[in-house]
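Colleague: I've got this model open and I'd like to go through a few spots in it with you. Can you take me through them?

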Amino acid sequence: MTEILEHLAGRTVIVGSGLAGLMTALTLAPEPSVIVTRAALGAETSSAWAQGGIAASVGADDSAALHLADTLAAGDGLCDQAIAADIIAEAPAAIAALEQAGVRFDRNTAGDLSLGLEAAHNRRRIVHVEGDGSGAAIIAALIQAVMKTPAISVLEGFEARRIVMDGEQVAGLLCATANGAAILPTSRVVLATGGIGGLYDATTNPMGNFGQGIALAARAGAALADMEFVQFHPTALDSRRRPLALISEAVRGEGALLVNERGERFMARIPGAELAPRDVVARAISAEIARGGRVFLDARDALGSRFAARFPVISSLCGEAGIDPARDLIPVRPAVHYHMGGVATDANGRSSVPGLWVAGEAASTGLHGANRLASNSLLEAAVMGMRAARDISGMPASGTGPISAGSLPAPADASVVRPIVSRHLGVLCNAGALHGAIAALLPLAEGNGPAADPAIVALQIAVFASLRMESRGAHARTDFPLKLANANRRQMCLSDVLEIARATPPYALARSA
């Protein structure tokens, strides 16, 4: 029996309670909205785990133009320059909106915002809260604001399983609850579901985040963009902990060095050294590990006894692994950290499906291009959550017709998909690996089992990657190591991806599986 939640009918439904989702709801108020979250409000979100803070050109020596230049350089030719410029220009307003919502950013003795430096930024422009606990502090403040806002209803323990369509228009959201299936009748859904890190064994994301929003949108017919661009954070703490703990880029920003097991500073010969773009650092570390070596972060001289005060969260995580950063080398390895691809949206978060908006990591706006600049992710989540809300507020709600609910799909389980993705879709890939991934994922994606949704997301990453015959940004192919003269973004729907996957020559699949 599927319950129709008529008392909430017509409200904007927001899926996810990270920064993008919370800012969407708060900006919509006093217009009524519903936040749907499978866990407790704000829990199991990448936003709450963010250490680095928010990039914003608020320093006296900084400007939106300088911030944009750094973003475009990191994006390796694939950013949508107009959209990137718009989002970056809105950064100071986003900081102000967050402060108005109760976020207390770190300030110096003069009362000015304390600004940190991170890789590939040419100015100090990272705004923090409580040092390296930025994400948790921001989310905690926004949760308090949401709980004080009568217009926002929160449905915890509701897991979105399908977008209900009326022809090509959104008509509702089918959810699994503790009491069975429930439908929220609505013509306006905002997906703010986060990234795809849970598809990989080595990730800094919540393990349950496998790209749910991408799967929901893809099944509804939405166009997806740049799915092949998966960013590996170069310095995750190499331990048995899952997900892996992140050693923020800000540690290198404070002068920590990368060394191998022989004590060699292998980044010294690379432009930018330790503060080169993430894809460059991740590939260099992967090369050291591939030859059988190990890689460490050495913060002893740069920070020493000051480490725990500057990075209390990271210091505690290292302590769990028996490491004292003031005296010990910190073992690190690359881990999936962020997805530049996702559901294609315009400057207001609209997808190609009428009534469907996407904000935050689940979206692909064009801000990040082929490789996200550090701390631009929380910036995009805040700005695009606000923009989606303003866009929705400016249009009348349309009624939904009678809703016919299909059967509730099985709960998703990425455990079968994870080994395939981890083996074939790593920092470095080639045609053989990509064809092997497609061969293994296609039957899962076409099925109706618990692996279907995670396989759909992973298959799209593999097919997009197979079509990009170059190395650019976070996409690195050993069989196509050079960059093409022209940088082109790509959009496809799920039907296109399935057609290409089915057409991949069987002999190629069999040979490389």
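What follows is a chat about a sheet, some salt bridges, a helix and the aromatic pairs.

Colleague: Before we start, what kind of model is this?
Modeller: Keep in mind that no value we discuss comes from an experiment on this chain; local features are taken where pLDDT is at least 70. The model is predicted.

Colleague: Let's look at the open sheet of 4 strands. Which strands sit at its edges?
Modeller: The order across the sheet is E1-E10-E9-E8, and the pairing is mixed. An edge strand pairs on one side only, and that fits residues 2-4 and 159-166. Those are strands E1 and E8.

Colleague: And in E9, which residue is the bridge partner of isoleucine 163?
Modeller: Start with E8, which pairs with strand E9 (residues 169-177) in the antiparallel sense over 7 bridges. Isoleucine 163 has its bridge partner in E9, and that partner is leucine 173.

Colleague: On to charges. How far apart in sequence are the parts that arginine 489 and aspartate 226 tie together?
Modeller: These two form a salt bridge, with their closest N and O atoms 2.7 Å apart. Arginine 489 lies in the loop between helix H15 and strand E20, while aspartate 226 lies in the loop between strands E12 and E13, so the pair ties together parts separated in sequence by 263 residues.

Colleague: Which of these applies to aspartate 226: buried or exposed?
Modeller: Its partner arginine 489 is partly exposed, at 31% relative accessible area. The cut-off for buried is under 20%. Aspartate 226 has a relative accessibility of 2%, so that residue counts as buried.

Colleague: What about glutamate 249 and arginine 252: what separates them in helix H8?
Modeller: They form a salt bridge too, with the closest N and O atoms 3.5 Å apart, and both residues are buried. They are 3 residues apart in H8 (residues 249-253), so what separates them is about one helical turn.

Colleague: How does arginine 327 come out, buried or exposed?
Modeller: Arginine 327 forms a salt bridge with aspartate 324, the closest N and O atoms being 3.1 Å apart. Aspartate 324 is partly exposed at 28%. Arginine 327 has a relative accessible area of 63%, so this one is exposed.

Colleague: Now helix H16. Why do its buried residues line one face?
Modeller: Leu494, Val497, Leu498 and Ala501 are buried in H16, whereas Glu499 and Ala503, on the other side, are exposed. The cover over the buried residues includes H7, H14, H15 and E20. Looking down the axis, the buried residues line one face because they fall within an arc of 95 degrees.

Colleague: Last stop, the aromatic pairs. What type of pair do tyrosine 200 and phenylalanine 232 form?
Modeller: The whole structure has 2 aromatic pairs. In this one the centres are 5.8 Å apart and the planes 85 degrees apart. The cut-off for this class is over 60 degrees, and the pair is edge-to-face.

Colleague: And which type are phenylalanine 307 and phenylalanine 311?
Modeller: Phenylalanine 307 is buried, with a relative accessible area of 1%, and phenylalanine 311 is buried with 1% as well. Their ring centres are 5.5 Å apart and their planes are at 50 degrees, so the pair is tilted.

How values were computed:
Residues numbered from 1 in each chain as written. Predicted model: local features only at pLDDT ≥ 70, side-chain atom pairs only at ≥ 80, totals over all residues. Heavy atoms only, no water. Pairing = 2+ DSSP bridges. Helix = DSSP H or I, 4+ residues; strand = E, 2+ residues; numbered from the N terminus. Salt bridge = Lys/Arg side-chain N within 4 Å of Asp/Glu carboxyl O. Buried < 20%, exposed > 50% of the residue type's maximum accessible area, 1.4 Å probe, protein only. Arc of directions from axis to C-beta. Contact = heavy atoms within 4.5 Å. Phe/Tyr/Trp six-rings, centres within 6.5 Å; stacked < 30°, edge-to-face > 60°.
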